[in-house]
Each structure stands twice: as C-alpha cells, then as structure tokens.
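Colleague: I should like to learn how to read the features of a structural model. May we go through them one at a time?

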Amino acid sequence: MRELPTVERTPERPGPGPVPPAVLRSLDLAVLRRVESLVPGEHLTPQVGAGTELAMIRPYFPGDDVRHIDWNVTARMQVPHVRVHVGERALTSWLVLDTSASMTFGTADRRKADVAEGVALALGHVASRRGNRLGVVSFGGESPKVMRPRQGRLGLLQLLAELRADTEDEGAGATSLGSALTGVAAVARARGLIVVVSDFRGERDWEGVMRGLRARHGVLAVEIRDPRELELTPMGDLWLVDPETGRQLQVNTSSRSIRRRFAEAAAAEREDVAAALRRAGADHLVLSTAGDWLRDLAAHLRRAHPVPPEVRVR
C-alpha cells in the first residue's frame with residue numbers, strides 16, 4: 001500500500017499529523033464493514049465486473065474473457081490487453097468537504113481544516129481502492145465545486161488538489177451545506193457512501209436534503225470542533241469575529257456569568273446540530289483539534305452501529 005501524498009507544512013498550516021500506512025490498512029476492513037451497516041438496501045460488495053463504465057485496461061491473464069480484449073490497445077502495445085468495467089455493485093463514495101473560512105480556526109494541536117484534511121485523505125485512500133471510486137464536492141464559497149468520481153490514485157490525487165487549495169477568505173459569506181448536498185443528490189445515482197466533513201456552522205439548510213440522501217445512501221457526518229468554540233477563557237475584553245460573515249462582537253471574558261452563558265449557549269447549539277443529524281439518519285462522529293483524531297476515527301469506524309429502524313430501506 002502506497003503512502004498518502006504529502007503537502008507542504010507551515011506553522012500556520014501544521015497538517016493532520018502522521019497517518020501511518022499500517023493504520024490505513026487496519027481502517028480498510030473497518031470502513032468496508034461500516035459501509036455494510038450504513039448503505040441501505042442490498043449489501044454492496046466493492047468489485048469490478050460486467051458494468052457499463054470503464055474501470056481500467058490491463059494486460060490479459062489466462063482465464064480472462066476474450067470478449068473483453070481491447071484490440072486497439074493490444075495492437076499498440078503488442079501484448080494482449082483487456083477492458084475491465086466498473087461492476088454494477090462497485091461502491092462510489094462522495095466526500096463533501098467544508099473549505100469555508102471557519103475551518104481555518106484552531107487553538108489546540110491543529111486547525112479544524114487540518115483534521116478535515118486527515119479524515120479526507122484517510123477515508124479517501126480506502127474509498128478509492130479495489131475498483132471503488134471517489135468523488136469530491138467542496139463547499140464554502142459562492143457555489144460548491146464538484147469533481148466527478150475517479151478510481152484509485154486519480155481519485156486520491158484530485159482530492160489532494162482540493163485539499164491544497166486555499167480556504168475561502170474571511171467575510172466571504174455564510175456557508176451552504178444544503179446547496180452542496182443538493183449537488184451531490186443530482187449526480188450520486190448509484191447507492192453509495194457520502195461522507196460530510198464540516199464544522200456544521202452557518203445556515204441550517206441541510207437537514208431535509210440529507211434525510212433524502214439517507215434514504216438511498218449511507219451518510220457519515222464528521223463534525224470537527226475546537227475547544228475554544230465551546231468555552232471562553234478569562235482574558236478581559238475580546239472582539240469575537242465570525243470568519244464567514246465578518247460580524248464582530250465585543251465580549252468581556254472576565255465576567256464569570258458571561259463565560260457560563262456562552263458555554264451553555266454553545267453546548268445547546270451543538271446539541272441542536274446533533275439532533276438534526278439524528279433526524280436525518282446520519283452516522284455522527286465528533287472530532288476535535290485537540291488530541292488524537294485518528295484514534296477516535298478508527299474507534300468509531302470499528303464500533304458496531306446498526307442502521308436506525310426509521311431510516312432502514314428494504
């Protein structure tokens with residue numbers, strides 16, 4: 001198994017930390033088992049077969065169906081080659097990645113964007129192997145960007161290119177996850193897995209469309225938090241700035257009552273998000289910029305998690 005591609009690191013962009021290939025290998029089976037519990041309907045076995053979309057062209061091996069020989073490539077290479085198609089039951093995964101300005105926030109070991117990068121690369125590496133394909137939708141600006149599903153290293157490289165792109169500037173406007181999921185619904189026709197990696201801040205316009213996606217696909221919602229979003233430290237007067245809208249608010253953090261009310265409001269707001277994800281039928285995982293996000297991701301994927309009865313599809 002090849003190591004994941006790397007990106008340039010700076011003190012401002014420290015990255016997700018090491019993601020050892022051995023850990024990726026251990027995640028491989030965990031992800032596939034998780035898919036079994038999340039994707040509604042018939043179990044999807046990642047494979048290649050008699051589909052209509054080309055997966056690859058490779059050299060002929062004894063036992064291959066001679067009807068699949070690509071004569072043009074064979075003539076050019078002087079060695080028999082066969083066409084291998086994407087099987088009708090191969091898995092197509094979609095990674096919905098939040099690149100809004102709020103993801104650049106981080107006061108612990110790394111930024112929220114760094115944790116998102118690690119999650120995206122770890123799951124993307126597994127989701128693009130064995131004939132499976134990975135599509136990427138990034139959102140955070142005026143309109144989402146859609147990259148069609150690709151197989152293997154090509155799928156991972158297009159994900160890496162999107163991760164290397166800069167996040168949106170501060171004050172660019174509120175993020176619309178709902179628009180991004182609507183875009184996914186328009187192109188994700190085959191049953192598959194949809195992974196949303198976001199801090200789930202901004203307009204709450206995504207619950208209905210996520211519930212609609214959940215009726216056909218498995219949905220894993222990875223919420224990324226920073227400890228300072230949930231509580232204030234006593235540092236006197238501070239200006240709090242919403243990085244997406246540019247809105248500013250002056251707060252006296254020396255006030256114990258203000259710190260308590262802030263913590264209560266922040267906890268209630270996060271619980272509202274969790275409740276909306278439960279109503280939508282999504283599998284919800286919370287990761288933090290503090291601590292070992294990879295350990296928490298692996299533990300969640302390995303944990304048995306049956307599909308809720310209200311979203312089970314026969």
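Modeller: What follows treats salt bridges, a helix, a cavity and a pocket in turn. This is a predicted model, in which local features need pLDDT of at least 70 and side-chain atom pairs count only at pLDDT 80 or more, while totals for chains, interfaces and linings use all residues. Residues are numbered from 1 along each chain as its sequence is written, and side-chain values use heavy atoms, with hydrogens and water left out.

Colleague: How many salt bridges does a search of the whole structure find?

Modeller: A salt bridge is a side-chain nitrogen of Lys or Arg within 4 Å of a carboxyl oxygen of Asp or Glu. The search finds 17 of them. In one, the side chains of Glu207 and Arg279 meet at 2.7 Å, N to O. Glu207 belongs to helix α6 (residues 207-214) and Arg279 to helix α7 (residues 256-280), so this pair ties together parts that are 72 residues apart in sequence. Helices (H or I, at least four residues) and strands (E, at least two) are DSSP runs, numbered from the N terminus.

Colleague: Are Glu207 and Arg279 buried or exposed?

Modeller: Buried means under 20% relative accessible area, exposed over 50%, and partly exposed in between (1.4 Å probe, protein chains only). Glu207 counts as buried at 15%, whereas Arg279 is partly exposed at 47%.

Colleague: Which residue does Arg270 meet in a salt bridge?

Modeller: Its partner is Glu223, at 2.7 Å, N to O. Arg270 lies in helix α7 and Glu223 in strand β8 (residues 218-225), so the pair ties together parts that are 47 residues apart in sequence. Both Arg270 and Glu223 are buried. The two residues also belong to a network of salt bridges, whose other members include Lys112, Asp199 and Arg201. A further salt bridge joins Arg278 and Glu271 (2.8 Å, N to O); Glu271 is partly exposed, with a relative accessible area of 41%.

Colleague: Which residues of helix α8 are buried?

Modeller: An α-helix has 3.6 residues a turn, so residues three or four places apart point the same way. In α8 (residues 293-302), the buried residues are Trp293, Leu294, Leu297, Ala298, His300 and Leu301. They cover an arc of only 165° around the axis, which puts them on the same side of α8. The arc is that of the directions from the helix axis to the C-beta atoms. At the N-terminal end of α8, Asp292 acts as a cap, with a side-chain oxygen 3.2 Å from the backbone nitrogen of Leu294.

Colleague: What is the volume of the largest pocket?

Modeller: On a 1 Å grid over the protein atoms alone, a cavity is a set of points where a 1.4 Å probe fits but cannot get out, and a pocket is an open set with protein on both sides within 12 Å along at least five of seven lines; lining residues have an atom within 4 Å of a point. Grid points are joined across faces, edges and corners, and a volume is the space filled by probe spheres set on the points. The largest pocket has a volume of about 1,200 Å³. Of its 33 lining residues, those closest to the centre are Leu240, Val241, Asp242, Pro243 and Phe262. Helix α7 gives the most to this lining, with 5 residues.

Colleague: How many cavities of 30 Å³ or more are found?

Modeller: There are 5. The second largest holds about 70 Å³ of space, and its lining residues include Val31, Trp94, Leu123 and Val195.

Methods
Polar contact = N/O pair within 3.5 Å; in protein donor to acceptor, adjacent residues only side chain to side chain.
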